[in-house]
Amino acid sequence: MTARLLSLWSRINASYWFYPAIFSILAFFLALGTIALDRGVASEFLTSNKWLIPARPSGASNMLQVIAASTIGVAATVFSITIVAVSYASGTYGPRLLSNFMEDKGNQLSLATFIGTFVYAVMVLRVVRQEDESPAAVLNGDAMPGFVPQLSLLVAIFMMLSSIGVLVFFLNHIPDSIRINTVLEDIGKRLIRQIQRRFPHEGEGIDWPEVKTEREVRAERAGYIEIINFDGLNEIAEKNGGRIVLFVEAGNFIHPPRSLAGLHGMGDDKIAEKVRDCFVLSGLRTPTQDLRFLLDELVEIALRALSPGINDPFTAMTALQWMGAATAELGTRVLHESANDDEDRVDPETAPVIPLTTDFEGYVAAGFGAARSAVATSRKASLCMFGALENCADAISSDKRLAVLREEGAKLLAQAESALSGPDLVEVHERHRQFLRHLR
């Protein structure tokens with residue numbers, strides 16, 4: 001259940017309806033509250049103050065109509081601009097980045113502010129009455145021949161001024177959010193945060209024991225594994241005195257009859273169904289638990305930047321530098337732990353759940369290795385990648401992981417030898433020698 005709620009929240013978080021709906025509901029009840037105060041003492045108090053000239057019914061009605069009409073018009077414009085920006089970014093930088101822009105809180109809250117202001121203005125507008133209008137009802141024995149909610153009108157003006165500020169913010173935020181450096185920074189920082197949260201312990205890997213399983217839990221439908229509920233799996237294993245061995249990890253595509261996990265010491269059909277329920281499937285990959293998804297975004301931007309049609313090595317260099325920062329973070333972490341293990345280190349001999357996670361070599365291959373073929377065609381990008389590998393080496397103390405970086409540097413040099421020639425190749429050779437000296 002926890003995993004499914006997390007999956008639902010990730011979908012809500014990437015929607016353009018959630019915050020506008022919340023702001024609309026809040027505006028609705030705020031309007032009811034301020035109107036109730038106006039029918040009490042607030043309107044009389046504000047009217048009796050000399051520093052505030054009270055609004056007349058016609059003026060209040062006109063002002064609220066202007067606020068409502070302008071905010072809903074601006075909301076439509078904001079939504080159109082957002083869709084254009086999202087389409088441009090996904091087409092230019094890659095379709096995988098669509099979810100990043102959909103989750104942008106600046107766009108969501110800007111749209112929500114205008115929608116909320118519109119709802120509030122309409123709610124207040126409905127109670128404004130001219131002096132010659134017939135009363136809709138008799139309240140407290142008073143027919144109230146005319147009514148101007150002075151407090152509600154002030155709140156509407158304040159919301160209008162706030163909407164103007166949000167509009168100015170939005171007009172600055174949109175072009176800034178689609179700048180390639182901003183896009184790469186957001187992906188890189190998010191990736192590093194995910195690494196720190198998923199792998200909280202520093203050190204090298206864990207050698208998991210071979211556990212023989214008596215029964216396999218197979219998939220019943222196809223899709224990408226979006227979320228694995230490790231807490232639920234731990235609870236199932238501990239409650240039934242057995243162990244669960246995972247055969248897949250978040251981001252894998254599965255389909256029947258592929259196995260999700262193996263059971264040791266327990267083989268009941270109900271237990272297998274509970275284990276299966278701990279895997280949330282989706283029609284697309286998401287970065288919720290899939291670190292390689294964010295790495296793929298950096299790789300995709302680098303590959304597009306180095307394609308012959310674009311030929312932008314500087315964008316590729318920025319992507320490689322963020323890739324290096326994430327790889328350095330991975331190089332210092334224990335990568336064989338469950339996503340929710342935030343306390344003590346796991347004892348592999350007694351752990352109730354044995355997860356399947358990508359090792360350091362796999363992450364290097366998914367990042368630098370996937371971009372290598374395109375990087376090798378550019379002298380500047382090749383030099384930058386050697387620099388990124390050097391920076392990774394400075395953070396890593398494991399000889400085994402340093403050997404992985406050394407091997408990746410050798411593969412880049414071999415690839416560059418088939419793609420470059422002349423002085424460019426000579427410079428890459430020299431940079432590779434410097435890289436090897438740095439690793440010693």
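Tutor: Buried means under 20% relative accessible area, exposed means over 50%, and partly exposed lies in between. This is a predicted model.

Student: How many helices does the protein have, and how many strands?

Tutor: The protein has 440 residues, and 51% of them count as buried. Its accessible surface comes to about 21,200 Å². Carbon and sulfur atoms hold 58% of that surface. The count asked for is 16 helices and seven strands.

Student: Among contacts between residues at least 6 apart in sequence, what share joins residues at least 24 apart?

Tutor: Start with one pair, Val78 and Leu171, which stand 93 residues apart along the chain. Their C-alpha atoms are separated by 8.8 Å. Now take the protein's contacts between residues at least 6 apart: the share joining residues at least 24 apart is 81%.

Student: Is Lys189 buried, partly exposed or exposed?

Tutor: Lys189 has a relative accessible area of 38%. Buried needs under 20%, and exposed needs over 50%. The value lies between those limits, so Lys189 is partly exposed.

Student: Which residue forms a salt bridge with Lys189?

Tutor: Side chains of opposite charge can pair when their charged atoms come close. Here the closest N and O atoms are 2.7 Å apart. Both residues lie in helix H8, four residues apart, about one turn of the helix. The partner, partly exposed at 30%, is Glu185.

Student: What is the angle at which the axes of H8 and H12 cross?

Tutor: Two packed helices are described by the angle between their axes and the distance between the axes. Helix H8 spans residues 180–198, and helix H12 spans residues 313–331. Their axes come within 9 Å and cross at roughly 10 degrees.

Student: Are H8 and H12 roughly parallel or roughly antiparallel?

Tutor: Angles under 35 degrees count as roughly parallel, and angles over 145 as roughly antiparallel. The crossing angle of H8 and H12 is roughly 10 degrees. That makes the two helices roughly parallel.

Student: Which residues in H12 are met by H8?

Tutor: H8 brings residues including Leu184, Glu185, Lys189 and Ile192 to this meeting. Glu185 and Lys189 are also the salt-bridge pair. On the H12 side stand Thr315, Thr318, Ala319, Trp322, Ala325, Ala326, Glu329 and Leu330.

Student: Which residue forms a salt bridge with Glu329?

Tutor: Glu329 counts as buried at 17% relative accessibility. The closest N and O atoms of its salt bridge are 2.7 Å apart. The partner is buried too, with a relative accessible area of 9%. Its name is Arg333.

Student: Which residues do salt bridges with shared partners join into one network?

Tutor: The structure holds 18 salt bridges. Some of them share partners. Linked in this way into one network are Glu249, Arg285, Asp290, Arg292 and Asp296.

Student: Is Arg276 buried or exposed?

Tutor: Arg276 forms a salt bridge with Glu273, with the closest N and O atoms 2.7 Å apart. The two are three residues apart in helix H10. Glu273 is partly exposed at 33%. Arg276 has 16% relative accessibility, so it counts as buried.

Student: Which residues does Val78 touch, not counting those up to four places away in sequence?

Tutor: Val78 lies in helix H4, residues 57–93. Its relative accessible area is 2%, so it is buried. Around it come Leu111, Phe114, Leu167 and Phe170.

Student: Leaving aside neighbours within four places, which residues is Thr117 in contact with?

Tutor: Thr117 sits in helix H6, residues 105–125. It is buried, with a relative accessible area of 2%. Its contacts are Ile67, Thr71, Met159, Met160 and Ser163.

Student: Which residues form a nonpolar patch on the surface?

Tutor: One member, Phe28, lies in helix H2, residues 18–39. Phe28 counts as partly exposed at 32% relative accessibility. Together the patch has about 360 Å² of accessible area. Its members are Ile25, Phe28, Phe29 and Leu32.

Student: Which residues does a cis peptide bond join?

Tutor: Most peptide bonds are trans. In this cis bond, omega is about 5 degrees. One partner is found in the loop between strands S4 and S5. The bond joins Pro256 and Pro257.

Student: What is the phi of Asn311?

Tutor: Most residues other than glycine have a negative phi. Asn311 lies in the loop between helix H11 and H12. It counts as exposed, at 56% relative accessibility. Its phi is positive, near 50 degrees.

Key
Residues are numbered from 1 along each chain as its sequence is written. This is a predicted model: local features need pLDDT of at least 70, side-chain atom pairs count only at pLDDT 80 or more; totals for chains, interfaces and linings use all residues. Side-chain values use heavy atoms; hydrogens and water are left out. Patches are made of residues with over 30% relative accessible area and no salt bridge: like charges are joined within 9 Å, nonpolar side chains (Val, Leu, Ile, Met, Phe, Trp, Tyr) within 5 Å. Accessible areas come from the Shrake-Rupley method with a 1.4 Å probe; for residues, only the protein chains shown count as cover. A salt bridge is a side-chain nitrogen of Lys or Arg within 4 Å of a carboxyl oxygen of Asp or Glu. Buried means under 20% relative accessible area, exposed over 50%, partly exposed in between (1.4 Å probe, protein chains only). Axes are lines fitted to C-alpha atoms, for helices over the stretch in contact, and angles run from 0 to 180 degrees between N-to-C directions. Angles under 35 degrees count as roughly parallel, over 145 as roughly antiparallel, 65 to 115 as roughly perpendicular and the rest as oblique. Contact means heavy atoms within 4.5 Å.
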